[in-house]
Amino acid sequence: MTRTSPPIGTAAGPRRPEASRTAVRRSAASWRLGAGAAAAALLAAVCPATAVAAPDTAPVPRLTWATCGDGFQCATARVPLDHHDPRGAGIDLSVIRHPADDQAHRIGSLFYNPGGPAVPGTVALPMMLGQFPEEVRKRFDIVSFDPRGTGGSAPVQCFDDPADEQVLLAGTAAGYPEGADQQHAWADAYQRLARQCAARNPALLPHVSTANVARDMDLLRRAVGDRRLTYLGTSYGTYLGATYANLFPDRVRAMVLDSAPDPVAWSTGRGGQAATMGTLLRNGSDVAAGRTLDAFLDQCAQVGPPACAFSAGTAAATRARYGELLQRLRARPVAVDGMTFTAGSAVEATILSLYATNPVPGIPLTGWTRLGTTLQALWAATEAPATPTAPLPPVLHQSPDQALAVACSDSANPPARADYPALAASARARSGEAGPYFAWADERCADWPARDRDRYDGPWNHPTARPILVVANTGDPAMPYEGSRAMARSLARAELLTVDGYGHTVLANPSDCAARHEARYLVDGVLPAPGTVCAPTHPPFSG
């Protein structure tokens, strides 16, 4: 099974839409999110962040747009490495846009961040453009970029040769470690990775926080000629949006935050939580994944084959079958479709598959029907006789460098001396099989050597020039619905639009009702009525 941490970009300069789509195929649970993200630092106590003034003294980037295929245009933007020194050393950001379909009635630019952290916008935007409401595509140039340290924007790369990183990570368990030996190997590998990253990126690592990306985005706003920012961020991209809104509250025109964390839980936690609980556990990502997994298994049983091949007839029997499958994989990993599955990698694949209830074009492992088929294939493989003469394929690990560089500089996590096995056990007790996955994703930041002094840790309630719209699915497996409610409460001027459905982000799990409200808000500034609830267009197992 391929590990699903957000991958690194290998080339500088603007990415092209026809480039590899793998950079966004594992968006959130990896940094995760092992996927993940979603989503952490060496320090147990959080020092106050320094709020840098708006970078109005920095030169505004000059964007020279060039056609880069499929109706997109690409450019490179020069921004300061350190916003304290706006005319000092600089870095180049890869930028992409799709011009408004109706140029005669164009409003301005809509900036889009797909989350991750560390998902390159230059790859995500071409994949997700068709998901944006038609009226939004008509009236806005849709702009995205690779955030600093990721993709084609001064990417963090911890090894000269990716094969060397594979050697380092080869000793780590897929998904998450179980047992003392695997746990020790995991902690040791990520400690060595942190040292290697620090040695190879000493100038860059202290400047890759979300706050510095927000400062970059304000320069890009000025570069495209917009007086105020119009923005749509999904998943971790909502945290970027909230950070921008509090650094530059007078510059917000309209902002949609789709599937948000609780900003306090994500950044620092409450009452000393950072010393005892990692970012993803504070955020309740494990709880969200556990609830959605239970809902999948229950509905799988209800619809039965062929809609869900893994159905065992009743909800209780199907849940028990999933638990037995993991026990079998702990005893004997199996190969399916050229990939090796352990219990940990099966849990990881399950969580990622829950992100979209129906298949998303170009993104594998999405769709609940497809998940049922995958689990049934694993079940059948565990029933087959072992073939010791046929070695299992090696486990491949996507590079976690860029996602960890952002998450670990941005958010507080317990240090290496913390009892991560106990945290994993506690997460399993409250969230079931999904729990340890998120606890050990947090552990990867325990030895991280850099924390950005210019990160933003709050407050989150600076009054913005215009109100903000928070949108969320009730059954999100990565960012719990409670996080979006907390985000809406934390912001000074915000409204929450609820979609009573499953999947990670409303953009990837469309709701025609929500799309109409989003378009009206982005185009005309009209918020939905308080308490509005929408339904998904395609519920699970309907496609």
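**Exercise 1. Work out how many residues of helix H13 are buried, and what they pack against.**

Step 1: Get the terms straight. Helices (H or I, at least four residues) and strands (E, at least two) are DSSP runs, numbered from the N terminus. Buried means under 20% relative accessible area, exposed over 50%, and partly exposed in between (1.4 Å probe, protein chains only).

Step 2: Count. H13 covers residues 401-410, and 10 of its 10 residues are buried, so the helix is mostly covered. Among them are Asp 401, Gln 402, Cys 408 and Asp 410.

Step 3: Look for partners. The buried residues of H13 pack against helices H3 (162-169), H4 (179-200), H5 (210-223), H6 (236-247) and H7 (263-267). Contact here means heavy atoms within 4.5 Å.

A quick note on what you're looking at: this is a predicted model, where local features need pLDDT of at least 70 and side-chain atom pairs count only at pLDDT 80 or more, while totals for chains, interfaces and linings use all residues. Residues are numbered from 1 along each chain as its sequence is written, and side-chain values use heavy atoms, with hydrogens and water left out.

**Exercise 2. Describe how helix H11 sits against helix H12.**

Step 1: Take the axes, which are lines fitted to C-alpha atoms, for helices over the stretch in contact; angles run from 0 to 180 degrees between N-to-C directions. For H11 (residues 343-353) and H12 (residues 368-383), the axes come within 9 Å and cross at roughly 165°.

Step 2: Name the arrangement. That angle makes H11 roughly antiparallel to H12 (under 35 degrees is roughly parallel, over 145 roughly antiparallel, 65 to 115 roughly perpendicular, and the rest oblique).

Step 3: List who meets whom. From H11, Ala 346, Thr 350 and Ser 353 meet Trp 368, Leu 371, Leu 375 and Leu 378 of H12.

**Exercise 3. Is Ser 484 buried or exposed, and what does Ser 484 touch?**

Step 1: Find Ser 484 in helix H16 (residues 481-490).

Step 2: Check the accessibility. Ser 484 has 0% relative accessibility, so this residue counts as buried.

Step 3: Look around. Leaving aside neighbours within four places in sequence, Ser 484 is in contact with residues including Ser 259, Val 470 and Leu 496. A polar atom of the Ser 484 side chain also lies 3.0 Å from the backbone nitrogen of Ala 260.

**Exercise 4. Is Glu 383 buried or exposed?**

Step 1: Locate Glu 383 in helix H12.

Step 2: Glu 383 is exposed, because its relative accessible area is 51%.

Methods
Polar contact = N/O pair within 3.5 Å; in protein donor to acceptor, adjacent residues only side chain to side chain.
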